[in-house]
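Q: I should be grateful for a close examination of one part of this protein. Please consider one strand, the elements beside it and the cores in its surroundings.

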Amino acid sequence: MDFNSPGEERIMAIDYGEKRVGLALCDPLRIFAYPFKTILNDRNFRTNLLSIIKENSVSLILLGYPLKENGMKTDVTEAVEKFKTELEGLAKLPVILRDERYTSAIAKERIIESVKSKKKRRDKGLLDKNAASIILQDYLDENPKKG
């Protein structure tokens with residue numbers, strides 16, 4: 001399924017991790033989110049991410065913000081805050097932090113429901129991009145496109 005149309009701006013959600021980074025995009029009408037890709041957080045990460053942003057005409061980035069259940073910061077929160085600042089400079093786009101509590105648990109449930117192969121379910125990249133998709137769909141539901 002190809003949702004890419006030249007000239008259509010999209011929103012991207014990122015589930016940032018130290019090893020892998022899950023990405024989700026929305027359709028051109030900004031109605032629904034879909035898991036796009038999981039990329040490795042290696043030395044090529046920034047170059048790969050910027051290429052994906054450009055190729056998909058991304059105009060806004062949502063970055064999953066990890067918090068504990070009680071709303072306190074986690075060990076990863078500071079790394080995400082640092083990455084947000086870096087990404088705003090690199091991509092020259094607005095980056096919004098979005099609470100990502102429970103997105104991994106919801107993503108796991110959805111994968112169990114939709115992926116029959118137990119072997120495929122164990123793919124951690126599947127979880128990352130699905131978690132990003134949940135972050136994005138929540139945003140789209142809260143901020144419907146006008147007009």
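A: The following account begins with strand S4 and proceeds to its neighbours, the nonpolar cores and two helices. The model is a predicted one.

Strand S4 comprises residues 58–65. The strand is mostly covered, with eight of its eight residues buried. On one side, S4 is joined by five bridges to strand S1, residues 10–15, and the two run parallel. Within this pairing, Ile-14 stands opposite Leu-63 of S4. S4 also pairs with strand S5, residues 95–99, again through five bridges and in the parallel sense. Here Leu-63 stands opposite Leu-97 of S5. Between S4 and S5 the chain passes through helix H2, residues 77–91, in a β-α-β crossover that is right-handed.

The nonpolar cores may be considered next. The largest of them contains 23 residues. Those with the most contacts inside this core are Met-12, Ile-14, Leu-49, Ile-53, Ile-61 and Leu-87. At least two residues of the core are supplied by each of S1, strand S2 (20–26), strand S3 (33–40), helix H1 (45–55), S4 and H2. Leu-49 illustrates how these contacts are distributed: setting aside residues up to four places away in sequence, Leu-49 touches Met-12, Ile-14, Leu-23, Ile-39, Phe-83 and Leu-87. Apart from the largest core lies another, made up of twelve residues, including Leu-62, Ala-132, Ile-135 and Leu-140.

Helix H2 also contains Ala-79. This residue counts as partly exposed because its relative accessibility is 28%, and the range for that class lies between 20% and 50%. Ala-79 and Glu-18 are 61 residues apart in sequence, yet their C-alpha atoms are 8.7 Å apart in space.

Helix H5 completes the description. H5 covers residues 124–142, and its 19 residues should span 27 Å at 1.5 Å a residue. The end C-alpha atoms are 28 Å apart, which agrees with that expectation. H5 is mostly covered, as 14 of its 19 residues are buried. At the start of this helix, a side-chain oxygen of Asp-123 comes to within 2.9 Å of the backbone nitrogen of Gly-125.

In summary, S4 pairs in parallel with S1 and with S5, and the strand supplies at least two residues of the largest nonpolar core.

How values were computed:
Residues are numbered from 1 along each chain as its sequence is written. This is a predicted model: local features need pLDDT of at least 70, side-chain atom pairs count only at pLDDT 80 or more; totals for chains, interfaces and linings use all residues. Side-chain values use heavy atoms; hydrogens and water are left out. Helices (H or I, at least four residues) and strands (E, at least two) are DSSP runs, numbered from the N terminus. The expected span of a helix is 1.5 Å times one less than its number of residues. Buried means under 20% relative accessible area, exposed over 50%, partly exposed in between (1.4 Å probe, protein chains only). A polar contact is a pair of N or O atoms within 3.5 Å; within protein, one must be able to donate a hydrogen and the other to accept it, and residues adjacent in sequence count only if both atoms are side-chain atoms. Two strands pair if DSSP finds at least two bridges between them. A crossover is right-handed if, with the strands pointing away from the viewer, the path from the first strand over the helix to the second runs clockwise. A nonpolar core is a set of buried Ala, Val, Leu, Ile, Met, Phe, Trp, Tyr and Cys residues joined through side-chain atoms within 4.5 Å. Contact means heavy atoms within 4.5 Å.
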